[in-house]
Amino acid sequence: HGAKATKPADPSKTGFTFAGWYNGDVPYDFNTAVTGNVTLTAKWTVDKYTVAFDSGVDAQMVKHGSKATKPADPTKTGYTFVGWYNGDTAWDFATEPVNEAITLTAKFEAKKITVPVSGEENSIQADITVEDNVVTILPIAPEELDKVIGDDVETGDVVIDLTELDVKAESVVLPLDTVQQILDAAKESGNDTESLVIKLPEAT
């Protein structure tokens, strides 16, 4: 009676910061003499972490164990947004809690176009890039060329239709090697055309 309690070492709790010992709602002063039974309770504050984003998206402060809010999808001309990634792993905003500071990176894939070499059923895909309203059609991947099957078809122009792309295309860069790949694929399918037609979006 009348002596002082010895302050114990601060406890620890994952995701929380120790805020002191409390007697009810009042911080306890260990310099106060003890005159009766006292039960002290550890008070905690929830840790908050920074969830940073690239692509110009504002960072968020998120409490330990809570979920970050999915921001609006970023855009990049000529690319399709795939999702937000933590390293190499896709981040699921609906299920994944934040338990540390993280940086999420926007993943994009180059847009693709479909080139029917002998009708819609026999087509190949090509990646494109878009810069300053110029669409560049990249070389066809070997695995795409392997999809072409021979068939008896009526010879007709191979048409590359860019009118459905959600990009503004004022001109197209089509390397000769890519042209040859497309025409060779057409011949492989049974289409002996030597004509390649490109449809551009109407000028606005």
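This is a short dialogue on reading sheets and aromatic contacts in a predicted model.

Visitor: What holds the strands of a sheet together?

Guide: Strands pair through backbone hydrogen bonds, and the pairing is either parallel or antiparallel. In this model, one open sheet has four strands in the order β9-β10-β11-β13, with mixed pairing.

Visitor: Which strands of that sheet stand at the edges?

Guide: They are β9 (112–116) and β13 (171–173). Each has a single partner strand, so one side of each is left without a neighbour in the sheet. From one strand to the next, the twist averages 35°.

Visitor: In which sense do β10 and β11 pair?

Guide: Strand β10 (residues 123–131) and strand β11 (residues 134–137) are antiparallel, with four bridges between them. To find one of the partners in your view, start from Thr129: its bridge partner in β11 is Thr136.

Visitor: What is the order of the strands in the sheet of five?

Guide: That open sheet runs β5-β4-β8-β6-β7, and its pairing is mixed. Its edge strands, β5 (60–63) and β7 (89–90), each pair on one side only. Strand β4 (residues 48–53) runs antiparallel to β5, and four bridges join them. Here Thr50 stands opposite Met61 in β5.

Visitor: Now the rings. How many aromatic pairs are there?

Guide: A search of the whole structure gives seven aromatic pairs. Phe18 and Trp44 form an aromatic pair with 5.6 Å from centre to centre and 65° between the planes. Planes over 60 degrees apart count as edge-to-face, so this pair is edge-to-face.

Visitor: Where in the chain do Phe18 and Trp44 lie?

Guide: Phe18 is in strand β1 (residues 16–23) and Trp44 is in strand β3 (residues 41–46). The two are 26 residues apart, and the pair links distant parts of the chain.

Visitor: Is Phe18 buried or exposed?

Guide: Compare its relative accessibility with the cut-off: buried means under 20%. Phe18 has 16%, so Phe18 counts as buried. Trp44 has 24% and therefore counts as partly exposed.

Visitor: Which residues form an aromatic cluster?

Guide: Phe53, Phe81, Trp84, Phe93 and Phe108 make up one cluster.

Visitor: What sits over the ring of Phe16?

Guide: The charged end of Lys13 does, 4.5 Å from the centre of that ring. For Tyr79, look for Lys76: its charged end sits over the ring of Tyr79, 4.5 Å from the ring's centre.

Terms used. Residues numbered from 1 in each chain as written. Predicted model: local features only at pLDDT ≥ 70, side-chain atom pairs only at ≥ 80, totals over all residues. Heavy atoms only, no water. Pairing = 2+ DSSP bridges. Axes fitted to C-alpha atoms, helices over the stretch in contact; angles between N-to-C directions. Phe/Tyr/Trp six-rings, centres within 6.5 Å; stacked < 30°, edge-to-face > 60°. Buried < 20%, exposed > 50% of the residue type's maximum accessible area, 1.4 Å probe, protein only. Lys NZ or Arg CZ within 6 Å of the ring centre and 35° of its normal.
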